[in-house]
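Here is the note you asked for, written as numbered points so that you can follow each one on the structure. Please keep the model open beside the text as you read.

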Amino acid sequence: MTESNNQRQNITTVPWSTGPLAELMTQLSDLVRLLDADQYNAVPQTTKCGAIGGHVRHVLDHLVAWLGGVEHGTVNYDDRQRDTSIEHDPTAALHAIKHHTARLAEISDEQLANPVTVLTSMTSCGSLVSLPSSHARELAFIFSHTIHHNAIIGTIARALAVDLPANFGTAPSTIAYRNQNGCAR
């Protein structure tokens, strides 16, 4: 009989916190501050990943949807506004990141434990599926989703010859693995 992954990893749990997501948003803000409007809107032919601004808007759309769900009990990640000033104007993006990061600090542990209904499109016909979840689980999703898009943003930034902050767009588990094995990024 083999040990489960949980047993091998010696898992300990910590209380839920919005702090790690706030840290990711600060990293994103730090990167956006490095960019001028042309870089923020550039679509490098070498990446075909879109513009940094589109990814920033997308990350914030998901965060805003979840924050609304904390208030109202339902999250719909597909109900997003596209082509907004956040997508095209780095100053607007910085204001939005700051505002929504401050909102994160207001969320209590009790709120994170609450159930939430997630509405999502599973097909392109527009029908929504209703799924039960918790705010803590959705926080984990938003965290992972933000890392994923930060990694794409990092690819675009590198194509634009922008110096990235250390570990930008890298999952904590990857950083821990590299540190464990003596590998530095």
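1. Let me begin with Arg 80, which is buried, since its relative accessible area is 19%, and a residue counts as buried under 20%. The model is a predicted one, and in it Arg 80 forms a salt bridge with Asp 78, the closest N and O atoms of the two being 3.9 Å apart. Asp 78, for its part, is partly exposed, because its relative accessible area is 30%. The structure holds five salt bridges, and further ones are taken up below.

2. For the overall layout, please count along the chain: the secondary structure of the protein comes to nine helices and three strands. Read from the N terminus on, the elements follow the order α-α-α-α-β-α-α-α-β-β-α-α. The protein has 185 residues, and 38% of them count as buried.

3. Which residues are linked with Arg 57 in a network of salt bridges? They are Asp 61 and Glu 87, and I suggest looking at the two partners in turn. The side chains of Asp 61 and Arg 57 meet in a salt bridge with an N to O distance of 2.6 Å. Both residues belong to helix H4, where they are four residues apart, so that about one helical turn separates them. Asp 61 counts as buried, because its relative accessibility is 14%, and Arg 57 is buried too, with a relative accessible area of 9%.

4. The other partner, Glu 87, forms a salt bridge with Arg 57 in which the closest N and O atoms are 3.0 Å apart. Glu 87 lies in helix H5 (residues 85–88) whereas Arg 57 lies in helix H4, and the pair therefore ties together parts that are 30 residues apart in sequence. If you ask whether this pair is buried or exposed, the answer is that both Glu 87 and Arg 57 are buried.

5. Helix H4 (residues 52–72) also deserves attention for its packing against helix H6 (residues 90–105), as the axes of the two come within 11 Å and cross at roughly 30 degrees. Because of this angle, H4 is roughly parallel to H6, the cut-off for that description being an angle under 35 degrees. As for handedness, H4 passes H6 in a left-handed crossing.

6. H6 packs with helix H2 (residues 19–34) as well, here at an angle of about 165 degrees and with the axes 10 Å apart. That angle makes H2 roughly antiparallel to H6, since angles over 145 degrees are described in this way. The crossing of H2 and H6 is left-handed.

7. H2 has a further packing partner in helix H8 (residues 135–159), where the angle is about 20 degrees and the axes are 10 Å apart. How, then, do H2 and H8 run, roughly parallel or roughly antiparallel? The angle makes H2 roughly parallel to H8, and the crossing of these two helices is left-handed.

8. Returning to helix H4, please find His 55, which lies in this helix and counts as buried because its relative accessibility is 12%. The C-alpha atom of His 55 is separated by 7.9 Å from that of Ile 152, although the two residues are 97 residues apart along the chain.

9. Two loop residues should be checked for their backbone angles, because most residues other than glycine have a negative phi. Lys 48 has a positive phi of about 55 degrees although it is not a glycine; its place is in the loop between helix H3 (37–41) and H4, and Lys 48 counts as exposed, because its relative accessibility is 66%. Asn 167, which is not a glycine either, has a positive phi of about 60 degrees. Asn 167 is found in the loop between H8 and helix H9 (172–180), and it is partly exposed, with a relative accessible area of 27%.

10. Finally, please turn to the surface, where Met 122, Val 129 and Leu 131 make a nonpolar patch of about 270 Å². Val 129, one of these residues, lies in strand S3 (residues 128–134). Val 129 counts as partly exposed because its relative accessibility is 32%, a value that belongs to the range between the cut-offs of 20% for buried and 50% for exposed.

Terms used:
Residues are numbered from 1 along each chain as its sequence is written. This is a predicted model: local features need pLDDT of at least 70, side-chain atom pairs count only at pLDDT 80 or more; totals for chains, interfaces and linings use all residues. Side-chain values use heavy atoms; hydrogens and water are left out. Patches are made of residues with over 30% relative accessible area and no salt bridge: like charges are joined within 9 Å, nonpolar side chains (Val, Leu, Ile, Met, Phe, Trp, Tyr) within 5 Å. Accessible areas come from the Shrake-Rupley method with a 1.4 Å probe; for residues, only the protein chains shown count as cover. A salt bridge is a side-chain nitrogen of Lys or Arg within 4 Å of a carboxyl oxygen of Asp or Glu. Buried means under 20% relative accessible area, exposed over 50%, partly exposed in between (1.4 Å probe, protein chains only). Axes are lines fitted to C-alpha atoms, for helices over the stretch in contact, and angles run from 0 to 180 degrees between N-to-C directions. Angles under 35 degrees count as roughly parallel, over 145 as roughly antiparallel, 65 to 115 as roughly perpendicular and the rest as oblique. A crossing is left-handed if the near helix is turned anticlockwise from the far one by less than a right angle, and right-handed if clockwise.
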